[in-house]
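Subject: Structure for your review

Dear colleague,

Please find below the structure that I am handing over to you. I would be grateful if you could read the notes after it with the model open.

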Amino acid sequence: QVHLVESGGGLVETGGSLRLSCAGSGGTFSSYVMGWFRQAPGKEREFVATISRSAGITYYADSVKGRFTISKNNAENTVYLQMNSLKPEDTAVYYCAARSKPWKFTGSVWYQSDFDSWGQGTQVTVSS
């Protein structure tokens, strides 16, 4: 399994931006579908975004579509989540995840169980 480490979280005001990074080791990123999930206090972990092995296909949760952008640099074994126009409801611990199986067909619902490896998470807090 690939080892994942997230970074880039922090405190930001409403309307601000943050870029999360997830660095991988022990695996080749071009072999993995990558994803971001988040978990707010007292809530279930939810899907945020995912990107295909080649980085040619992306898919987002409706709640972040148009505000967040997932990208991937296979040469550097890193996946990013650019978050713009942040809202207080985006406050959560953000987790990076890797999936060794192929991409699910576009439009599929993505679950935690679709991913094999997880990072430890990074806190994002958006103040109102």
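The notes below cover the disulfide, a buried glutamate and the aromatic rings. Please bear in mind throughout that this is a predicted model.

Disulfide

A search of the whole structure returned one disulfide. The bond is formed by Cys 22 and Cys 96, with an S to S distance of 2.1 Å. Cys 22 belongs to strand S3 (residues 18-25) and Cys 96 to strand S9 (residues 92-99), so the bond ties together parts that lie 74 residues apart in sequence. The link between Cys 22 and Cys 96 is left-handed, with -80° about the S-S bond. Both Cys 22 and Cys 96 are buried.

Glu 6

Glu 6 sits in strand S1 (residues 3-7) and has contacts that include both cysteines of the disulfide, Cys 22 and Cys 96. Beyond its neighbours within four places in sequence, Glu 6 also touches other residues, among them Ser 21, Trp 36, Tyr 94, Tyr 95 and Thr 122.

What does a buried Glu 6 have in place of a salt bridge? Arg 45, the nearest side chain of opposite charge, is 7.4 Å away, and Glu 6 has no salt bridge. The side chain of Glu 6 does, however, reach two backbone nitrogens: that of Gln 120 at 3.0 Å and that of Gly 121 at 2.9 Å. Gln 120 and Gly 121 also appear among the contacts of Glu 6, as does Gly 119.

Aromatic rings

The structure contains seven aromatic pairs. In one of them, the rings of Phe 47 and Tyr 59 have centres 6.1 Å apart and planes at 25°, so this pair is stacked. Phe 47 is in strand S5 (residues 46-51) and Tyr 59 in strand S6 (residues 58-60), so the pair ties together parts 12 residues apart in sequence. Phe 47 counts as buried because its relative accessibility is 13%, whereas Tyr 59, at 23%, counts as partly exposed.

The rings of Phe 115 and Trp 118 have centres 6.3 Å apart, and their planes are at 65°, so this pair is edge-to-face. Phe 115 is buried, with a relative accessible area of 5%, while Trp 118 is partly exposed at 27% relative accessibility.

Both pairs belong to a cluster in which ring pairs link Phe 37, Phe 47, Tyr 59, Trp 103, Trp 110, Phe 115 and Trp 118.

Yours sincerely

Key:
Residues numbered from 1 in each chain as written. Predicted model: local features only at pLDDT ≥ 70, side-chain atom pairs only at ≥ 80, totals over all residues. Heavy atoms only, no water. Disulfide = S-S within 2.5 Å. Helix = DSSP H or I, 4+ residues; strand = E, 2+ residues; numbered from the N terminus. Buried < 20%, exposed > 50% of the residue type's maximum accessible area, 1.4 Å probe, protein only. Lys, Arg positive; Asp, Glu negative; His and termini not counted. Salt bridge = Lys/Arg side-chain N within 4 Å of Asp/Glu carboxyl O. Polar contact = N/O pair within 3.5 Å; in protein donor to acceptor, adjacent residues only side chain to side chain. Contact = heavy atoms within 4.5 Å. Phe/Tyr/Trp six-rings, centres within 6.5 Å; stacked < 30°, edge-to-face > 60°.
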